[in-house]
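Got the model open in your viewer? Follow along stop by stop, selecting residues as you go.

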Amino acid sequence: MAAPVLRCVRKLLKLVDFTPVPRRYRYKKKWATTEPQFTASRLALQNFDMTYSVQFGDLWPSIRVSLLSEQKYGALVNNFAAWDSVSAKLEQLSAKDFISEAISHQKLEPESGLSPTPTLDCSPNLRCFTFSRGDVSRFPPARLGSLGLMDYYLMDAASLLPVLALGLQHGDIVLDLCAAPGGKTLALLQTGCCRNLAANDLSTSRTGRLHKVLHSYVPQDIREGNQVRVTSWDGRKWGELEGDTYDRGLMKPRPASDSLCKLRLAMTPHSPASTSQVLVDVPCTTDRHSLHEEENNIFQRSRKKERQMLPMLQVQLLAAGLLATKPGGHVVYSTCSLSHLQNEYVVQGAIELLANQYNIKVQVEDLSHFRKLFMDTFCFFPSCQVGELVIPNLMANFGPMYFCKLHRLP
């Protein structure tokens, strides 16, 4: 048996060419350039697995699956368009306005004998339709309505919670410090409360997207009048540029423009003391985007230092928003990240910064009633130290969205 095997081996050896390969034809494996590198979205998932598994414990597997699944959207009705007929069409899709539903349930609670939820002091006139929990239906793309404006704006419905938390009143002067791409700015205008709205974003390309949103959804006389001002300033310096501007003041609201009158909304009574509010929706790791998109992904290797510096930037922006607020006013801080380093820790850091360097006292407002009020639409994390956090859930796949309301004490 050995002889045939040896013969086969000798034949194979004769076929093998042992002539040295010239150096110019040799291939040397260069792993740094030729090995496939992790994509930014994969790096993001690795990062989340390490940090969020500790932060959320047993909740993380379900949050993880939800983040990797298709996101749910809400349809924010454009009150500058024919909002009544648009709402009727959305109702025909079996969608419901989650804000009016929540307020209706709140009014029914005293009659049912249950302990009443604290009165929702939220921004008025917002209408946002969502499909019920577990319903993964999708809204059709928005269309141009009869008034030449888009009928509704598709967005993560949880993004409205920071706007609702502002509790706008008629005649308020409002600052949206990090406004682009424009969903929350549009929602602020939908309230019909803004006497003046300053919409700012450092990136000129992003403010370009903001202008497109305003052009598609807001009448020309509001866009081009003095009611809306779009800027591209460094938000960290806003406290120096317009310090103590956005807060309570004895200012009488001026009459609404013709376009605002066309809203045909059930307006709440004017407040004798109009206030100014600040929304600080900061740049963050945008967790869901980072898991699904390679373009503009903050987990790209080249953006590592930028990502590490995010909490410091967020503290600076929140501090600037509070400095731009007059004593007695309110600021809502928000992110679309699950990270407590970008959420609770930033809030606590900004409060300490203002106390130590400016002798300014800031108090966190209790928003726990939002958890009860909107529990049929969103899934809330029950253990936030400060503020509220909407966590993704397969039955209600909105978020993540963190929001916290702060009161600059007089």
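Start by selecting Asp 201 and Ser 203: a polar atom of the Asp 201 side chain sits 3.2 Å from the backbone nitrogen of Ser 203. That fits a polar contact, meaning a pair of N or O atoms within 3.5 Å, where one must be able to donate a hydrogen and the other to accept it, and where residues adjacent in sequence count only if both atoms are side-chain atoms. Before moving on, note that this is a predicted model, where local features need pLDDT of at least 70 and side-chain atom pairs count only at pLDDT 80 or more, while totals for chains, interfaces and linings use all residues. Residues are numbered from 1 along each chain as its sequence is written, and side-chain values use heavy atoms, leaving out hydrogens and water.

Stay on Asp 201. You'll find it in the loop between strand 6 (194-200) and helix 9; helices (H or I, at least four residues) and strands (E, at least two) are DSSP runs, numbered from the N terminus. Asp 201 counts as buried because its relative accessibility is 7%; buried means under 20% relative accessible area, exposed over 50% and partly exposed in between, with a 1.4 Å probe and protein chains only. Show its surroundings: leaving out residues up to four places away in sequence, Asp 201 touches residues including Cys 178, Arg 206 and Trp 233. Contact here means heavy atoms within 4.5 Å.

Next, select Pro 181, in the loop between strand 5 (172-176) and helix 8. The peptide bond leading to Pro 181 from Ala 180 is cis, with omega near 5°. Most peptide bonds are trans.

Now click Gly 183, which is in helix 8. Gly 183 is buried because its relative accessibility is 9%. Beyond its neighbours within four places in sequence, Gly 183 contacts Tyr 153 and Met 155.

Then color helix 8 (residues 183-190) and helix 9 (residues 204-217), which pack at about 35° with axes 9 Å apart. On the helix 8 side, the contact uses Thr 185, Leu 186 and Leu 189; helix 9 brings Leu 210, Val 213, Leu 214 and Tyr 217.

Last stop: two asparagines. Which sign does phi of Asn 125 have? Positive, near 70°. Asn 125 is buried because its relative accessible area is 14%. Asn 359 also has a positive phi, of about 55°, but Asn 359 is exposed, at 66% relative accessibility.

Methods: Axes fitted to C-alpha atoms, helices over the stretch in contact; angles between N-to-C directions.
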